[in-house]
Amino acid sequence: MQTLYIGAGYVGSCSAAVMAKFGHNAVVYDVNKERIGVFNTFNRDLIEASFFEQDLSSLIIQNKQRMVFLDDYSQFSNYFDSADVIFICVPTPLKDDDVGDYDLSYFEAALSELSAALTKRNGGAQEKYVVVAVKSTVPIETQERVARDFEKAGVKNFGVVSNPEFLVEGQAIKDSFSPDRVVVGASQEKDFSVMRELYQRFYNAPGVGYIEVNPREAAAGKLLSNYVLLSRLVTTFNVIGRTSEVIPGIQFEKLRKIITTDKRIGSYGFYNNIYAGGSCLTKDSSALAHQIESASGNTDQIRNILGGNLFHFDNFVERISKDAKFSIKGKTLAVFGLSFKRDTNDIRNSGAADMVARLIEGGAAQLRVYDPVANEMFKRHFGDKYGDKVYYCESEQEALQGSAGCLILTDWPQFSTLDQLILKVCPAPYLVVDGRRMISQSYNKLQDAGYDVVAVGSPFLKGKS
Ligand SMILES: NC(=O)c1ccc[n+]([C@@H]2O[C@H](COP(=O)([O-])OP(=O)(O)OC[C@H]3O[C@@H](n4cnc5c(N)ncnc54)[C@H](O)[C@@H]3O)[C@@H](O)[C@H]2O)c1
């Protein structure tokens, strides 16, 4: 089938590459010329340097013959005559993270350009039926409104469906090959049937929930799924974490084992972190709360969970001065990790990036930062904001040099052996701050060697002299 994508970000590019892999044609348009230019090189190193998502570059290169990347709308419009499904994958950030109301300006701009172009397809006759599938996360009633706007603009022979994206960054490609579920929200049988044909590899496939619902249920289901995931994380941080931080003789990992071996509970979300970050969990939960509030519903529980996430971050920062009696002012610190989690260079809503800001506000002299893939994205995003207060390092060892303490903020697997390097490069007294419990196996060893340790899910460990 002929698929078109509007927006070549994490969602658009990953979904298009997987469509191409399954034999469909994928034409991808983005207003970001630099991004399209990089994809058009079909060069692994250049794609990965700008956009790191496991296996994405290989897939694009392997399926080059079925993929087109464009930054020119008039060229893109040439494909509308034969388009079967057009996916909208543009950003829908929140205007205000605390309130949860969407900034739909990118979405509206993409739709108004699209509706004008759709009316001109097939020389204006519009005889080819086309489905517009919304992957962007939008307010629950959006599909119906988009359909009305299209009709008003004179678009004919179309359907609008909600096809929410559940990808997990860092494993988006793997998940797209074997998703837990595919959700299609439509209001006409014709649209379900087009989407079934597109996703035929998953329809009736064992282990995949192929779920057909109405558009509101699809959009609401996406927001609710992310709220449930967020609530698990925040409970882990603030309840299991706090229990093992304040009650002596309890180890976080042992509590986790007791809890997660209960099959009713399952294992998702039982890790510790400084913050539940990323572009979706908090955003979708806040947006859900805003929509329930707009319909006069009570959202105390959702708002408490969102507040609990912020509290956990603040509490962790405070422990550095309160428990370890360590003043950040004038100190050089090593920072490990900038992305919001391993296997991605996405720094949106990253606890690590927020921690960098907090340390600089607190008067740190210099942060020697190292992330295996996100340094460039961080530089691009923050530009000169931090000047020479942030020094980008090429290796863990370089970051540790001359530091009075270090913070582990992202769960890159290579950080799990940082204890050995710290012991080698940084003599005690020295502060180790572990926001991911990456080196939990060595906290006691470090303490015995004179290092102070502040870790999520552990009481403060004062270095032995
Ligand atoms: N990233 C995720 O994990 C994830 C998961 C599920 C859903 N979503 C949702 O999917 C949507 C896209 O997310 P993303 O992470 O891919 O965002 P992104 O910022 O990585 O990519 C969006 C792309 O859209 C482009 N764009 C903006 N306006 C455009 C326009 N008018 N025409 C064409 N391109 C335009 C931008 O240049 C950018 O490259 C959002 O609504 C997001 O909430 C994201």
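A residue is near a molecule if one of its heavy atoms lies within 4 Å of it. The model is predicted: local features need pLDDT of at least 70, side-chain atom pairs count only at pLDDT 80 or more, and totals for chains, interfaces and linings use all residues. Residues are numbered from 1 along each chain as its sequence is written, and side-chain values use heavy atoms, with hydrogens and water left out.

**Exercise 1. The ligand shell**

Find which residues come nearest to the ligand, then describe the shell by class and by domain.

Step 1. The ligand has 28 residues around it. D30, R35, T92, E169 and K283 come nearest.

Step 2. Sort the shell by class. Ala, Val, Leu, Ile, Met, Phe, Trp, Tyr, Cys and Pro count as nonpolar, Asp, Glu, Lys and Arg as charged, and the others, Gly among them, as polar. The shell has 13 nonpolar, seven polar and eight charged residues.

Step 3. Turn to domains, whose bounds come from an automatic or database domain assignment. Domain 1 (2-213) and domain 2 (220-465) each give at least three residues to the shell.

**Exercise 2. Polar contacts of the ligand**

Give the distances from ligand atoms to N or O atoms in the side chains of R35, E169 and K283.

Step 1. Recall that a polar contact is a pair of N or O atoms within 3.5 Å; within protein, one must be able to donate a hydrogen and the other to accept it, and residues adjacent in sequence count only if both atoms are side-chain atoms.

Step 2. Take the ligand's oxygen atoms. One is 2.8 Å from an N or O atom in the side chain of R35. For the side chain of K283, the distance from a ligand oxygen is 2.6 Å.

Step 3. Take nitrogen. A ligand nitrogen is 2.8 Å from an N or O atom in the E169 side chain.

**Exercise 3. Cysteines**

Count the disulfides and explain why C426 is in no bond with C406.

Step 1. A disulfide is a pair of cysteine sulfur atoms within 2.5 Å. By this rule the count is zero.

Step 2. Check C14. The nearest cysteine sulfur, that of C89, is 10 Å away.

Step 3. Check C426. Its closest cysteine sulfur, in C406, is 6.7 Å away, so it is too far for a bond.

Step 4. Add burial (buried: under 20% relative accessible area; exposed: over 50%; partly exposed: in between; 1.4 Å probe, protein chains only). C14 is buried at 1%, and C426 is buried at 2%.
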